[in-house]
Amino acid sequence: VSTFSMALVVMCGQPCSGKSEAAACLAAALRSSVPDVTVRVIDESSLHLGRDESYKDMVVEKNLRGVLRSEVDRSVSRDGIIIVDSLNNIKGYRYELWCLARASGIRYCVFFCDTEVDHCRDWNVKRQEKGEPSYDSNIFEDLARRFERPDSRSRWDSPLFELFPSREEIVESSPVIAEAVSYLTKKVDSKTRDVKVLQPTIATQSVRTTEGNSLYEMDKATQEVVSAIVEAQSGGLGLAMNKISLGPDLPTINLRRPVGLPELRSLRRTFIKLAGQYSLSGRPPPTDADSAKRMFVDYLNREIGG
C-alpha cells in the first residue's frame, strides 16, 4: 500500500545566502504539489525574534536554537511538512533536528544554499543600505567563520539538496526545488528505494514517553536543593555554611563561600540544560527525585564546592 509520509526540511547556509527566499519558493512549490497538506515555515521572525538580538553572543544563540528546536518538536507530525528556515550552521544541532524527525517517523532532508561568503557579505551590506533585515557586520563575520558545511555522508545531512544562489535564480521552478518537492511528496511502499522514511528506535520512543516525568522531577528536585541551601545559609545569619546535608542517603553540599540566590538559579538553569543535552547522546535524565538531587549536588560541588 502506498503512503504519503510527512517531513522535516532543514534549511542550511551562511547568513544572507538566500535561505529564506529558497524556503519560501520551496513552501510555495509544495503547496501547489500537495494542496491538502499543511506546509509551515518556522524561522526567527515567526517566533518574533530579531537577527542581531538572536546572535549577539553565544548564550542567546544557544537559547535561539533551543526555542527553534522546541517549536519543531511541537510541530512535527504525520500531517504536515515543516521547513526550518534558520542558519542551522552547527552540525550537532542538525543532528538534534534529525533525531526529532526519526522519533516522529517522518521524512527528513537538508536544503543547502551554497553561496560564497563574499556574495553573502555583499548581500548583507546591500540589505543594510536598504534598511532590510540584515546582520551587524561583526555578527556576520563571526557566524560566517563558524559555519559548518553539511556533508551528505552524514545521516543528519542526508539527503542533501544543494542550490547555488549566486549563480542561479531562486524560483519555484528551480530544478533542485523540483527535485526536493518530488522527494518530499512521493508516495512510498515496500518497494520504494529512493525515499527514506526515518524509523523511530526504542530509545527515541521511550524518550518521548518519559521526557515529561524526567523534566518535572529534575525541575522539582533541583529547586528543593536550591531552597535547602538558601535556608541553611539564612540560618547561619549570613555566615558561610561549609557543609549542608540534604538527608541520610544524599551527598553533602560542600561550599567554600556564601552563594546567593541569583547564582544558584543560574547554576540550576545550566545544570538542567546540560542534563538535557547529555540525554540526546546518553541515558535520559533521572526520573526519580533522589537521583536528580544526587546529580545536581555533584555538579554544585564541582562548580562551587570546597
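Let's start at Pro15, which counts as buried because its relative accessibility is 1%. Pro15 sits in the loop between β1 and α1, in a model that is predicted. The protein around this loop has 10 helices and 7 strands, and buried residues make up 44% of its 306 residues. Among contacts between residues at least 6 apart in sequence, 80% join residues at least 24 apart.

**The loop between β1 and α1**

- Setting aside residues up to four places away in sequence, Pro15 touches Leu87, Cys120, Tyr135, Phe140, Leu143 and Ala144.
- One of these partners, Leu143, lies 128 residues from Pro15 along the chain, yet the C-alpha atoms of the two are separated by 7.1 Å.
- Gln14 is found in the loop between β1 (7-13) and α1 (19-33), and Gln14 is buried, since its relative accessible area of 8% falls under 20%.
- With residues up to four places away again left out, Gln14 touches Lys19, Leu87, Thr115, Val117, Cys120, Leu143, Ala144 and Phe147.
- Cys16 also belongs to the loop between β1 and α1, and Cys16 is buried at a relative accessible area of 4%.

**Backbone features to look for**

- As background, most residues other than glycine have a negative phi, and most peptide bonds are trans.
- Cys16 has a positive phi, near 60 degrees, although this residue is not a glycine.
- Asn88 has a positive phi too, near 45 degrees, and is likewise a residue other than glycine.
- You will find Asn88 in the loop between β3 (80-85) and α4, where Asn88 is buried with a relative accessible area of 3%.
- Ser158 and Pro159 are joined by a cis peptide bond, with omega at about -5 degrees.
- Pro159 is placed in the loop between α6 and β5.

**How α5 and α6 meet**

- The axes of helix α5 (residues 117-130) and helix α6 (residues 137-146) come within 11 Å and cross at roughly 160 degrees.
- That angle is over 145 degrees, and α5 and α6 are therefore roughly antiparallel to each other.
- The crossing of these two helices, α5 and α6, is right-handed.
- On the α5 side the contact involves Val117, Cys120, Arg121, Asn124 and Gln128, which meet Ser137, Phe140, Glu141 and Ala144 of α6.
- By character, the residues of the contact of α5 with α6 divide into 4 nonpolar, 3 polar and 2 charged.
- Some names here return from the loop described above: Cys120, Phe140 and Ala144 are among the residues that Pro15 touches, and Val117, Cys120 and Ala144 are among those that Gln14 touches.

**Aromatic pairs**

- A pair of aromatic rings is described by the distance of the centres and the angle of the planes.
- Counting rings whose centres lie within 6.5 Å, the model has 7 aromatic pairs.
- In one of them, Tyr95 and Trp98 have ring centres 5.9 Å apart and planes at 25 degrees, so this pair is stacked.
- Tyr95 and Trp98 are 3 residues apart in helix α4 (residues 91-104), which means that about one helical turn separates them.
- Are Tyr95 and Trp98 buried or partly exposed? Tyr95 is partly exposed, with a relative accessible area of 23%, whereas Trp98 counts as buried at 4% relative accessibility.
- Another aromatic pair, Phe271 with Tyr299, is tilted, with 5.5 Å from centre to centre and 40 degrees between the planes.
- This second pair links distant parts of the chain, as Phe271 belongs to helix α9 (residues 261-281) and Tyr299 to helix α10 (residues 289-304), 28 residues apart.
- Phe271 and Tyr299 are both buried.
- Ring pairs also link Tyr95, Trp98 and Trp156 into a cluster.

**The covered side of α7**

- Which residues are buried in helix α7 (residues 175-185)? They are Val176, Ile177, Ala180, Val181, Tyr183, Leu184 and Thr185.
- The cover over these buried residues of α7 includes β1, α1, β4 (107-113) and β5 (160-163).

Definitions and conventions. Residues are numbered from 1 along each chain as its sequence is written. This is a predicted model: local features need pLDDT of at least 70, side-chain atom pairs count only at pLDDT 80 or more; totals for chains, interfaces and linings use all residues. Side-chain values use heavy atoms; hydrogens and water are left out. Rings of Phe, Tyr and Trp (its six-membered ring) pair if their centres lie within 6.5 Å; planes under 30 degrees apart count as stacked, over 60 as edge-to-face and the rest as tilted. Helices (H or I, at least four residues) and strands (E, at least two) are DSSP runs, numbered from the N terminus. Buried means under 20% relative accessible area, exposed over 50%, partly exposed in between (1.4 Å probe, protein chains only). Axes are lines fitted to C-alpha atoms, for helices over the stretch in contact, and angles run from 0 to 180 degrees between N-to-C directions. Angles under 35 degrees count as roughly parallel, over 145 as roughly antiparallel, 65 to 115 as roughly perpendicular and the rest as oblique. A crossing is left-handed if the near helix is turned anticlockwise from the far one by less than a right angle, and right-handed if clockwise. Contact means heavy atoms within 4.5 Å. Ala, Val, Leu, Ile, Met, Phe, Trp, Tyr, Cys and Pro count as nonpolar, Asp, Glu, Lys and Arg as charged, and the others, Gly among them, as polar.
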